[in-house]
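Q: Before we look at any detail, could you show me how to read the features of a model such as this one, taking the general idea and then the case at hand?

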Amino acid sequence: MNSGLICVSLFTADGAGIWIASILTLAIYSFLYKDNPIYRFSESLLIGISVGFLLVTTFDTTLLPKAFEPVGKGLSVMFGIGGFGSIISFIWLLIPVALGLLMFARFVPKYAWMSRVALALYIGFGAGASIPANMQSYILRQIDATIRPFLHIDSFWSLINAIVILAGLISTLFYFFFSKEQKGAFGKITRLGTFYLMIFFGATFGYTVMARISLLIGRLTFLLKDWLGLIS
Amino acid sequence: MPLQVFAFELYISDQPNDDGTRLTVEWDPLPPDDLRSIDPEIYSLLRSESPDGEFTSIDIVSRLDPSRRKIDENLATGRSYYYKLAYSDSTISWESNVAGPAAPEENWYNRSRTNVLIGILITGAFVGIFIILGRKGKSLYLRPIAGLNAMDEAIGRATEMGKPILYSSGRGKMERPASIASMNILGSVAEKVASYGTPLIFPNNDPVVTAVAQEVAREGYTKAGHADLYNPDNIYFVTDSQFGYAAAVDGIMMRERPATNLFFGTFEAESLILAETGNSIGAIQIAGTDSSIQMAFFIVACDFVLIGEELFAASGYLSGDPQVVGTLKGSDYLKVIIIIMILFGAVVGLLNQEWFVNLFLTA
């Protein structure tokens, strides 16, 4: 009954796509048995397609709109309208483009050191820009969220809840204190922090496994319903 | 029907602490006297760039809105704008007086984030002091970390077995702190494997990380006095696709059979796929990540795991670099201040002193 459906779907555009996706799914799953040529083929295909896609999207979303087009416009303005302002604008435009080009210096061993300038700027800017955001979201907001409940204690249990969170935060912070060995009273506090961490890991593990199972169900549904038509 | 314009005022002001793209529009309680008999629930907020020009509707205003204000966003810095409220139905067409001109101004300093600045200055001061102390040769103690103590053993095992070591920094971009810490660890690992002559394989997910990793590994090999053993072909870009990368690293593990897998950096859903495959080939595995959700997966599948900030500690611990160790010591003392602040905040919170709690509010 179902084999007829498969044959029909194979010769339509959508059906051919479903066949290819299903076979590749099984090819990847074959790794669960052991490494084999079918898995290697699908692995290479996946990597090749993703790198090809990366090249195209980088050209379309980065190189073209952020380098080629602005430089082309800048050149036409400089030679068309002219003026000191257009030259300055063009130079400003060339700085990031030149920094990007410095990355290609890696291909010439003699000048490979020049790529470090671009890398240093990239890493320095990225790391520096993340400092205020991290201070805000990982420190100030966490402090606020921990102590604000103490302003709104309206029952015994709300007090207990606030204290449980406070104790968890402080003991976990102490766990990540590296200047002192975890011994004695300090060690007991860090042990409490370890319990909190384990509870967190258990909860996130269970939660994420649930999410992964739903991904597996989605794939099995695709194979059994869209491909084989075994379930409706 | 004839348009009726009544004396009803809107108040336009520049939105403070912004990038010069917002204006605040405020109004008196609605309805206006002239519409009291109809008492409309919804009005239109109109905007124009000239008082006599065409006004376009940008939002609706409810008379039930207790804040009596709207923030108009995505405006051009320095350009003048005019506003008015309008209401029309089959019986009446009403408009308020035109309010304006008002131009959004760019603010160089966001006063609502002064606490962020103070926090950064305090952190910077602590870190700076400890870096100076470290450079002056003061001994800065760091407690032992189990996963790091196993690092030598893991590298030694690979050497004894004559198998390579596989290193992965996950999917983090180079500017992420975990990726930077990972590169610091890579430097120390490269130095050790260079002295043992053990191959180090590092498939990458990001081209910039690849470039940095090649530089760091080259320096590690050079420091160990074995620059000739460095092979840039062992540190290569695979793909930026998450599961393409996972599939590739799994394949590499099955084919190259590394004796040791080191996973340090930012990991996402690929963490368990990598760690499980590594486990299945019997590799000794050490992992460290700042991705809180992925730590649980590493804990179940790896032999040793550096939890959260231990990853950053690892780079200081392995390299002994006073700059990294000083940063770590500085952050330790910052933690003490945070704990004191939290305890004090809890007490004053119980005493209903909201001013102290509000010190940590950020916009």
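A: Let us begin with one pair of strands, bearing in mind that this is a predicted model. In chain B, strand E9 (residues 99-102) pairs with E7(B) in the antiparallel sense, and 2 bridges hold that pairing. Within it, Tyr83(B) stands opposite Ala99(B) in E9(B).

Q: How should I read such a pairing in general, and over how many bridges do strand E4 (residues 42-48) of chain B and E7(B) pair?

A: Strands of a sheet pair through backbone hydrogen bonds, and the pairing may be parallel or antiparallel. Here E4(B) and E7(B) pair over 5 bridges in the antiparallel sense, with Leu46(B) standing opposite Lys84(B) in E7(B).

Q: How many residues lie between E7(B) and E8(B) in the hairpin that they form?

A: The hairpin of E7(B) and E8(B) has 4 residues between the two strands. Their pairing is antiparallel over 3 bridges, strand E8 covering residues 93-95 of chain B, and the bridge partner of Ala86(B) in E8(B) is Glu95(B).

Q: Is strand E7 of chain B largely enclosed or left open by the rest of the structure?

A: A count of buried residues settles this: 6 of the 8 residues of E7(B), which spans residues 81-88, are buried, so the strand is largely enclosed by the rest of the structure.

Q: What is the strand order in the open sheet of 3 strands in chain B, and how are the strands paired?

A: The order is E2-E3-E6 in chain B, with antiparallel pairing. Strand E2 (10-14) and strand E6 (69-72) of chain B stand at the edges with a single partner strand each, so one side of each has no neighbour in the sheet. From one strand to the next, the twist averages 20°. Strand E3 (residues 23-27) of chain B is joined to E6(B) by 4 bridges, the two running antiparallel, and Val25(B) stands opposite Lys70(B) in E6(B).

Q: Turning to the other chain, how many helices and how many strands does chain A have?

A: The secondary structure of chain A comes to 7 helices and 0 strands. Its radius of gyration is 29 Å, well over the 17 Å that the globule rule gives for 232 residues, so chain A is more spread out than a compact globule. Along its principal axes, the C-alpha trace of chain A spans about 75 × 70 × 40 Å, and buried residues make up 13% of the 232 residues in the chain. Of the contacts in chain A between residues at least 6 apart in sequence, 22% join residues at least 24 apart.

Q: Which helices of chain A each supply at least two residues of the side that touches chain B?

A: The interface brings 51 residues of chain A into contact with 54 residues of chain B. On the chain A side, helix H3 (37-80), helix H5 (115-147), helix H6 (156-175) and helix H7 (184-227) each supply at least two residues, and the largest share, 19 residues, comes from H5(A). By class, this side has 31 nonpolar, 10 polar and 10 charged residues.

Q: Which element of chain A has the lowest mean pLDDT, and which the highest?

A: Where pLDDT is low, the predicted coordinates should not be read in detail. Among the elements of chain A, helix H1 (residues 2-10) has the lowest mean pLDDT, 56, and H6(A) the highest, 94. For chain A as a whole the mean pLDDT is 87, and 96% of its residues reach 70 or more.

Definitions and conventions: Residues numbered from 1 in each chain as written. Chains lettered and ligands numbered in written order. Predicted model: local features only at pLDDT ≥ 70, side-chain atom pairs only at ≥ 80, totals over all residues. Contact = placed C-beta atoms within 7 Å. Nonpolar A, V, L, I, M, F, W, Y, C, P; charged D, E, K, R; others polar. Rg over C-alpha atoms; globule rule 2.2 N^0.38 Å. Buried ≥ 20, exposed ≤ 12 C-beta atoms within 10 Å, placed from the backbone. Pairing = 2+ DSSP bridges. pLDDT = per-residue confidence, 0-100. Axes fitted to C-alpha atoms, helices over the stretch in contact; angles between N-to-C directions.
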